[in-house]
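Have the structure open in a viewer and follow the stops below in order. Each one says what to select and what is there.

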Amino acid sequence: MVHDTQHVNSGDEIGGNGLPGSARELLEKTTLIIASNRGPLEFHIEEDGSYSTKRGSGGVVTAVSAVSRYNDLIWVASAMTDGDRARAREADEAGEVIISPPDSDIRLRFVLADEDAYDGYYNRISNPLLWFLQHYLWDTPRSPDIDKETWRAWRDGYVTVNRQFAEEIVAAARASKRKPLVMLQDYHLYLTPGIIREMMPDVTLQHFIHIPWPDPDYWQLLPREMRSAICDSMLANDIVGFQTSSHARSFMNTCDFNLDGVDLDYRHREIHYRGRTTKVAVYPISIDCDAVEAVAASEDALRHEEHLNAFVNEFTIVRVDRAEPSKNIVRGFLAYDRFLEKFPEFIGRVNFLAFLVPSRLEVLEYVDYLDDINTVVGRINTKYANAAEQDGVAWQPISLFIGDDYPRALAALKRYDVLLVNAIFDGMNLVAKEGALLNQQDGVIILSEAAGAYQQLGPHSLTVSSTDIESTAEAIHTALTMNPDKRAAWSSELRELVRTQNIRAWIYAQIDDLAKLTTATREYR
Ligand code: GDG
């Protein structure tokens, strides 16, 4: 097993001031253009017609803010709210290339797609087609059906919006006096680098993929025209980054499989294609420890923690996830049921608290999955309805907390004896890192091998195969009966690892690699 931790700078190397000198020098000479489907902030229209803005809480926004003081930074993103769209139109009419919202250091350029094109790009191709493909989620005898509508969504949606992204990025780049450095995010924008490269041959392009990259055989479920276009465009990047080394390797193999004239250099993780070299790198994403700790210590979280006292038991198992098929929530409950069957001495002494955020309810599979979750929880709770009492009332083995409440989720992470993170295939699973940072019980993490976090946290966690209900039940038992010294040692190792390999380390490692690349090619000199 290859552990990729060495690739990311440690907190100590980064030091108090942060960035290595060469990387800082690069940032001072360039304009960093970050492009992602969802932007770092949203505009809303108030009753008096004025705009208010709401900043997103995602880790990437925090990471980028950490480097923004060295750089002339611009974020290119889809206009998603009515306020975004109105503000984008206003900017277009006024010839305002970059929007600088008041009270914010973020500067923006919106991509304003027409409704139909956006629907094809987002609701038909990105989610679910690419998301399902990249998480190996298809029940292949039945799905996907690539039909006339899919092709229309590809040509008039995905291709169109990716072109628009490229045009807006190039417009932002041309408006800047400094050299542009473009960092693209994720699966919504696979065709964007190829178009940018045609428009600006000398630009530096980097693309980070937050989700898994499956093997070339599985990519064959997508028509050749689509997958070749994706690979061809991705190789217009100078660097393509992944969460794990296995995703990186699969990407290299997928390019080789789908394109003619590809030359792979596994030793240096490089792909040579059409006279260009693309470096393939591994940057496991992480969390903003200070921000996570601040939310966990907030009044809101403390209030939730108090409320959770009524739900914890002698032993408490927690999971925190979007209600998302790739997270493997149903099998987690089946494993818990099996654990109670095999080890009946735990009946009445252990509670499973599941904090689930409803997600993508416009996609049928997600609605069905939420139904499956409710059904299995109902069945298990009914099965044990008269099995034991807790504080004088009937014991309930599983409590479901459904809804969007981040402080509550973090409050729960402080309290687990076991955190179950058993994703089928996943990018990183930041929840595992948040748990490692916040937990106050020397809790044990059960991690599936195909969760991205496994490569870093695996050595100090119990690991399972995601489909193996029997072994997951055993792992729950092992965790709950583990020697306290071992629990304490693992917890402290994990906390230390997350503290040093934090979200700043993630972005600094990328900028550092870009600096090495531009030095090697004598660009920006
Ligand atoms: C994608 C990839 C990759 C929890 N409850 C609530 C809430 N959370 C937070 C968690 C965590 C985040 O949401 C979920 O992050 P994950 O990494 O676990 O999963 P995805 O959402 O699937 O993220 C994934 C990630 O991108 C980053 O690259 O790791 O593999 O799939 O921080 O604590 N957030 C809100 N309300 C809640 O109730 N708003």
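**The ligand and its shell**

Select the ligand together with Glu434: an N or O atom in the side chain of Glu434 is 2.5 Å from an oxygen atom of the ligand. Bear in mind throughout that this is a predicted model. Taken alone, the ligand exposes 740 Å², and the protein buries 79% of that area. Which elements give two or more residues to the shell around the ligand? They are strand S12 (315-322), helix H15 (406-413) and helix H16 (430-438). H16 provides the largest share of the shell, with 3 residues.

Next, show Arg322 and Asp404. The side chain of Arg322 has an N or O atom 2.7 Å from an oxygen atom of the ligand. With Asp404, the ligand partner is a nitrogen atom, 2.6 Å from a polar side-chain atom of that residue.

Now widen the selection to the whole shell. It has 20 residues, and the closest are His210, Arg322, Asp404, Asp405 and Glu434. Coloured by class, the shell shows 9 nonpolar, 5 polar and 6 charged residues.

**The mixed sheet**

Hide the ligand and switch to a cartoon view. Look for an open sheet of 9 strands with mixed pairing, in the order S5-S4-S1-S6-S7-S8-S11-S10-S9. Its edge strands are S5 (107-111) and S9 (263-265), each of which pairs on one side only. On average, neighbouring strands of this sheet are turned by 20° against each other, direction ignored.

Walk along part of that order, beginning with strand S7 (residues 204-208). S7 pairs with S8 in the parallel sense over 3 bridges. Select Phe208 to find one place where the strands face each other: Phe208 stands opposite Gly241 in S8.

Move on to strand S8 itself (residues 239-242), which pairs with strand S11 (residues 276-282) in the parallel sense over 4 bridges. Here Val240 stands opposite Val280 in S11.

Is the next pairing, between S10 and S11, parallel or antiparallel? Strand S10 (residues 270-273) and S11 pair in the antiparallel sense, over 4 bridges. Select His272 and Thr277 to see a pair of bridge partners, with Thr277 in S11. The hairpin of S10 and S11 has 2 residues between the strands, and Arg274 in this hairpin takes a positive phi near 50°.

**A helix across the strands**

Add helix H10 (residues 245-258) to the view. H10 lies across S8, S9, S10 and S11, and runs at about 155° to S11.

**Backbone details**

Select Arg269, in the loop between S9 and S10. Arg269 is not a glycine, yet has a positive phi of about 45°.

Then go to Asn127 and Pro128, which are joined by a cis peptide bond with omega of about 15°. Pro128 is in helix H5 (residues 115-134).

Where does Pro144 lie? Pro144 is in the loop between H5 and helix H6 (148-175). Display Ser143 alongside Pro144 for the last stop: a cis peptide bond joins these two residues, with omega of about 5°.

Methods: Residues are numbered from 1 along each chain as its sequence is written. This is a predicted model: local features need pLDDT of at least 70, side-chain atom pairs count only at pLDDT 80 or more; totals for chains, interfaces and linings use all residues. Side-chain values use heavy atoms; hydrogens and water are left out. A residue is near a molecule or strand if one of its heavy atoms lies within 4 Å of it. A polar contact is a pair of N or O atoms within 3.5 Å; within protein, one must be able to donate a hydrogen and the other to accept it, and residues adjacent in sequence count only if both atoms are side-chain atoms. Accessible areas come from the Shrake-Rupley method with a 1.4 Å probe; for residues, only the protein chains shown count as cover. Ala, Val, Leu, Ile, Met, Phe, Trp, Tyr, Cys and Pro count as nonpolar, Asp, Glu, Lys and Arg as charged, and the others, Gly among them, as polar. Two strands pair if DSSP finds at least two bridges between them. Axes are lines fitted to C-alpha atoms, for helices over the stretch in contact, and angles run from 0 to 180 degrees between N-to-C directions. Contact means heavy atoms within 4.5 Å.
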